[in-house]
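User: I'm new to this one and would like to learn how to read its charged pairs. Can you walk me through it?

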Amino acid sequence: MIHRTYKNYWPKREHLLQSHNLNDNTDARIELNKINAEIKREYCSIKQSNWQDLCKSLDYKTPNTRLWRLAKKLDKIQPQVENTNSIIGINGTSTVNDKETADALGNYYSEESKLALGRENKKTGRATRKTNQILQGSSQ
């Protein structure tokens, strides 16, 4: 359902979106971004107004059942920030999913924590390098 205030923006937004998608029109993209920003501002304003109305409607006479229902609804609201495990790689791009993040961290720490093994630990060094090569080969 489209809110009544969005109806003013919707036809122009759809037209600009089609124009941008058809021929990658830069001016259309700029106008589309402006309209999207205005829609977001309107949305925030509406949400703020609704929240203020709700808060004004609550007082000491408000039944406990209504307060509990409100508390339960607030508890079910999705968090505003999504938890993510992305990191910025060496080349400046961020990882997309957990597997890429794990691979990037594994590569970084494998380079950082290279073992400096002397003559007395030659056998251990060979076994460690062989294991690392097998692990790196299986992850690719």
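User: Let's start with E31: how much of its relative accessible area is left open, and is it buried or exposed?

Analyst: Neither, quite. Buried means under 20% and exposed means over 50%. This is a predicted model, and in it E31 has a relative accessible area of 29%, so it is partly exposed.

User: Which residue does E31 form a salt bridge with?

Analyst: First, the general idea: side chains of opposite charge can pair when their charged atoms come close. Here the partner is K34, with the closest N and O atoms 3.8 Å apart. That counts because the cut-off is 4 Å.

User: Why might K34 and E31 meet, and where do they sit in helix 2?

Analyst: Helix 2 covers residues 26–57, and the two are three residues apart in it, so about one helical turn separates them.

User: How many salt bridges does a search of the whole structure find?

Analyst: Two. Besides the K34 pair, E38 bridges to R41, and there the closest N and O atoms are 2.8 Å apart. E38 and R41 are also three residues apart in helix 2, so again about one helical turn lies between them. As for cover, E38 is partly exposed because its relative accessibility is 24%.

User: What does the rest of the protein chain look like, in helices and strands?

Analyst: Five helices and zero strands, so read from the N terminus the order is simply α-α-α-α-α. Of the 140 residues, 10% are buried. The chain exposes about 12,600 Å², with carbon and sulfur atoms supplying 53% of that.

Key: Residues are numbered from 1 along each chain as its sequence is written. This is a predicted model: local features need pLDDT of at least 70, side-chain atom pairs count only at pLDDT 80 or more; totals for chains, interfaces and linings use all residues. Side-chain values use heavy atoms; hydrogens and water are left out. A salt bridge is a side-chain nitrogen of Lys or Arg within 4 Å of a carboxyl oxygen of Asp or Glu. Helices (H or I, at least four residues) and strands (E, at least two) are DSSP runs, numbered from the N terminus. Buried means under 20% relative accessible area, exposed over 50%, partly exposed in between (1.4 Å probe, protein chains only). Accessible areas come from the Shrake-Rupley method with a 1.4 Å probe; for residues, only the protein chains shown count as cover.
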